[in-house]
Amino acid sequence: MGPEQPAVRSVELSEYVEGYLAEDETLVAARSVGVQLGCTPVGAATGAALRFLAAALRAKAVVEIGTGVGVSGLHLLRGMAPDGVLTSIDVEPEVQAVAKRTFRQAGIAPGRTRLIMGRALDVLPRLSDNGYDLLFVDASSTEYPAYHEHGVRLLRPGGVLAFDSVLYQGNIANPARRDAETLALREVVRAVREDERLVPLLLPLGDGLLLAAKIS
């Protein structure tokens, strides 16, 4: 055996994972605008995971909480069935306007997106029970526990609930952190893990991606 090779640093490994699938010009441009507006989109690896999930589910109906500038939505749309419709909810008109442009530049047909302006907690009760294949949440973390219950109601059996940024820069694992955001994230991670209607999985992609498949 030859001499031991130095271990790959975690930051190098993270960069490798993030760069595994390159984003096209439309996504790169939207990502840049999002950063300028203070609305940082999901990372490339998380976006790839969303596309994978939508494709694996053959998703035709997806709900997204937190439209942002359309990066996550475009990843979802590219994985969904060709006639699939993305319902995306956001409270910020400026970023939703950018998302509309992102979808148009990517060649997404207008009928495939339903962008709703408003608070998700006001909009979700109006959506159909058991009518969706996937619910993706990238919004205010203090509301994550409420989205868990809405997600279980909205998803069909076999559907998937996905929460972004649940590790919160590692704060969730630090017992000294007691701020509202960290407490809410701990609560949703616990609640999803203990929910017998769900099969959970926590992935260290980006700032943490919590997934749960609905089994009943």
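Which element gives the most to the lining of the second largest pocket? Read on for the pockets first, then the cores.

## About the model

This is a predicted model, in which local features need pLDDT of at least 70 and side-chain atom pairs count only at pLDDT 80 or more, while totals for chains, interfaces and linings use all residues. Residues are numbered from 1 along each chain as its sequence is written, and side-chain values use heavy atoms, with hydrogens and water left out.

## Pockets

A pocket here is an open set of points on a 1 Å grid over the protein atoms alone, where a 1.4 Å probe fits, with protein on both sides within 12 Å along at least five of seven lines; lining residues have an atom within 4 Å of a point. The largest pocket has a volume of about 460 Å³ (the space filled by probe spheres set on the points, which are joined across faces, edges and corners). Its lining has 26 residues, and G66, G68, D90, D138 and A139 are the closest to the centre.

The second largest pocket has a volume of about 180 Å³. Its lining includes L21, F52, H75 and R78. To settle the opening question, α3 gives the most, with four residues; helices are DSSP runs of H or I, at least four residues, and strands are runs of E, at least two, numbered from the N terminus.

## Cores

A nonpolar core joins buried (under 20% relative accessible area, 1.4 Å probe, protein chains only) Ala, Val, Leu, Ile, Met, Phe, Trp, Tyr and Cys residues through side-chain atoms within 4.5 Å. The largest one has 30 residues, and F103 is among those with the most contacts inside it. α3 supplies the largest share of this core, five residues.

A second, separate core of 28 residues includes V63 and F163.

How values were computed: Buried < 20%, exposed > 50% of the residue type's maximum accessible area, 1.4 Å probe, protein only.
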